[in-house]
Protein chains: 2
Amino acid sequence: MSREELTKIILPEEKLPKYWYNVQADMPNPLEPGLNPKTKEPLTPADLEPIFAKDLIEQEVSTERYIEIPDEIRELYKKWRPAPLFRAHGLEKALDTNCRIYYKYEGVSPVGSHKLNSALAQVYYNKKQGIKRITTETGAGQWGTALSLACQIFDVECMVYMVKVSFNQKPYRKSFMQMYGGKCVASPSELTESGRSILANNPDSPGTLAIAISEAVEDAASREDTNYSLGSVLNHVCLHQTIIGQEVKLQMEMIDEYPDVVIGAVGGGSNFAGIAFPFIPDKLAGKNVRLVGVEPSACPTLTKGVFAYDYGDVVGHTPMLKMYTLGHNYIPPGIHAGGLRYHGQSPLISQLYYDELLEAVAVRQNAVFEAAMLFSQTEGILPAPESSHAIRATIDEALRAQEEGVSKAIVFNVGGHGHLDLSAYDNYLTGKTEDVEFTDEILQKSLDSLPKV
Amino acid sequence: MSREELTKIILPEEKLPKYWYNVQADMPNPLEPGLNPKTKEPLTPADLEPIFAKDLIEQEVSTERYIEIPDEIRELYKKWRPAPLFRAHGLEKALDTNCRIYYKYEGVSPVGSHKLNSALAQVYYNKKQGIKRITTETGAGQWGTALSLACQIFDVECMVYMVKVSFNQKPYRKSFMQMYGGKCVASPSELTESGRSILANNPDSPGTLAIAISEAVEDAASREDTNYSLGSVLNHVCLHQTIIGQEVKLQMEMIDEYPDVVIGAVGGGSNFAGIAFPFIPDKLAGKNVRLVGVEPSACPTLTKGVFAYDYGDVVGHTPMLKMYTLGHNYIPPGIHAGGLRYHGQSPLISQLYYDELLEAVAVRQNAVFEAAMLFSQTEGILPAPESSHAIRATIDEALRAQEEGVSKAIVFNVGGHGHLDLSAYDNYLTGKTEDVEFTDEILQKSLDSLPKV
């Protein structure tokens, strides 16, 4: 069938990629090294081994272009992968656009989001070296849920520090993790020194991802049998997510299509990296493809932040990474896309953005919800608020193309469904969602927390 | 690949069935006619035309074996169909069973449940004859959500009366419907005569499906441009759901497999009918296949009810149908499987059960949740509480087979995911779910409401 007739483009299971794509092999400028938070010297593998599996540390620094997906992971991926690519006929019609719009849908995973792509890989490698317990943090809850399931599959204990404001807004995320056998506590908690010191200063702290990371890292570092796991930002996490973009490329080939624009929401970066990185080699080879990350205007790391060394967490337990950042003390307003409320950015995305291989736009919450509603009504799928950032930017691209009288092929990533985010939509439908202005004053204040290198 | 190796059995899109299977063509004993609630005479099409589309009335009484699925519906089905069939390797291992266990997974539909199979068909036929507005009732909310989306697709207004206890327990179901453009009110409401009279007697009425049906039917009957739509029970609804079982048969053929036991949860009946009816011709031809419906012990329509004429709603607006019933005044306790809290049963299932072509078992709520948790942890999918009834019965079948030293092939239907039911799981995890005893006394009292024919 032609691409005009098809709605769902299905990649045959035997075409499921056998390798993750490592963008570090192709970067014009390599990453600057992470720094030990105490010595401020470049990180060594020995710095990371107390909390990360050796195979993951290797992936973190590898410059091999393709890294084999272990058979066991690939078999687990087949539970829901290859994930469908849809032609957005309904959305196109509503926009009256000449653009051809496609979206990858990761919401068919058992946990409802793309996060399981990396969770399975991370727990697999940890289990392989005998780790019995893994700690992590979660914002909106997607990552904590995915890691809970992955730990259950490999018989590893899972301990999740969940940002308190989300924990209270979405109590049922905890139940979801518990159904998978995971433990979930609100962060800041009394369980760690980091948590206790935050609570001592501010008993009502709503928490942030940066605080929760401090707790999870401290917990992992303090126990021999325990490692730490991060759901975004790091190179190996972005690596695992490249299965998304590789599938997209194969699916578009099947219908003799190639995108002019590739769009993904960007918080810590794994979602956007997943769909965009596999297009980098084409771009470097001269293909005219734009790769656009979409962030919330309330937390505009790429569009307003600085490219500098900063901590990943609030206390300074994590290595210092060269990345776009708003400062590790920045507390983003309580927008509903909890998964995008992070002060920093994947170093890989940061370097590629700095080198102008990636673009970024910031969009406002209410415009995002409006886009989500149009998408729900025309494509039938209720998207997660995070993913809806990509939808907003896609609609804007299509409208702009219309004004310019051109036709483009646009593909974006719907990283998860929004069936667990209905309280956010309820707020939108009842007029309770605000657009917060991010000012230079806020920026200056938050950048004060940047460490000196 | 052999059936031992495969986890996910994928039916190619071109094999998507082109016909719904109509069990009325093959029933040893035909249905007894529905009766006009006023005259108690057999229903005529004219009795139904004020609230149902003509094509659906035709389907309701048709004895054609195969009814063609219109191309437009089939194209819409392709958004998520054919739905995957999984081999439950994880569950089998946990049970240490020799049985081969399979499950069909309808949770991949955009609304997260099988209900969309019939919603799309019903709105299509209504739209075709110019209907501008459709009313319905919903218990757990799955049906109301599916109908809201289907109405949005065909540009028809949607009005949902939602059982008040569910409406209050799950406020976000309303938001989901609203995102699709549907309107949703708590029932009993002040909008209808039926609702007002219930509220006059009992202002705190928690509502029931039977009350909500009264409201939706009254609303539809009172407006020329409005029809009524039901998400289960009726023949045409069961018909539309047979796409499930037809796909299952094709998928099992692909791996040279045939089930000894087919299992589905049964409330109004469309889920169970969907997976079971396509096996009826084989059974009549001598195949040794058992078809087992699973109901909650708190609402044991098939296992404890009587086979008699009764109303579908509480007020007596609907036709009287010959069915297994607990009496239309029966108010089931507030178990969490809201979709199974219905006093009656599909007349088709009732007749086939009476004729011993179908079996039924009743299971308790806490045992159901326990099964759901095991399934979540071994298969990765969090099931809806309704679907978890089928999981419970499957586990019991497998354990019994183990005791008897036999190996069986068992297939069951997971009609929906449980991402919208986490409040129920939270209650289970915190020890708040009760098992309510259904006694002969309760039965006698509720049967007092049966109408005289």
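This is a short dialogue on how to read the interface between chain A and chain B in a predicted model.

Biologist: Happy to start with the basics! How many residues does the contact take from chain A and from chain B?

Modeller: A good first step is to list who touches whom. Here chain A gives 38 residues and chain B gives 38 residues.

Biologist: And how much area do chain A and chain B bury between them?

Modeller: About 3600 Å², with 61% of it on carbon and sulfur atoms. On the chain A side, the residues that lose the most area to chain B are Lys79(A), Met179(A) and His419(A), together 22% of what that side buries.

Biologist: Next, the polar side of things. How many salt bridges does the rule find across the interface?

Modeller: Two. In one pairing, the side chain of Glu379(A) meets that of Lys79(B) at 2.9 Å, N to O. There are also 20 residue pairs in polar contact across the interface, both partners at pLDDT 80 or more.

Biologist: Which helices of chain A each supply at least two residues to the side that touches chain B?

Modeller: Look for helix 6 (142–153), helix 8 (171–179), helix 16 (365–379) and helix 18 (422–429). Sorted by class, that side of chain A has 20 nonpolar, eleven polar and seven charged residues.

Biologist: Now the symmetry. What turn and shift lay chain A on chain B?

Modeller: A turn of 180 degrees with a shift of 0.0 Å along the axis does it, at an RMSD of 0.0 Å. So this is the relation of a two-fold axis. The same surface serves both copies, with 100% of the contact residues of chain A recurring in chain B.

Terms used:
Residues numbered from 1 in each chain as written. Chains lettered and ligands numbered in written order. Predicted model: local features only at pLDDT ≥ 70, side-chain atom pairs only at ≥ 80, totals over all residues. Heavy atoms only, no water. Contact = heavy atoms within 4.5 Å. Buried area = accessible area lost by both parts, 1.4 Å probe. Salt bridge = Lys/Arg side-chain N within 4 Å of Asp/Glu carboxyl O. Polar contact = N/O pair within 3.5 Å; in protein donor to acceptor, adjacent residues only side chain to side chain. Helix = DSSP H or I, 4+ residues; strand = E, 2+ residues; numbered from the N terminus. Nonpolar A, V, L, I, M, F, W, Y, C, P; charged D, E, K, R; others polar. Least-squares fit on C-alpha atoms with pLDDT ≥ 70 in both.
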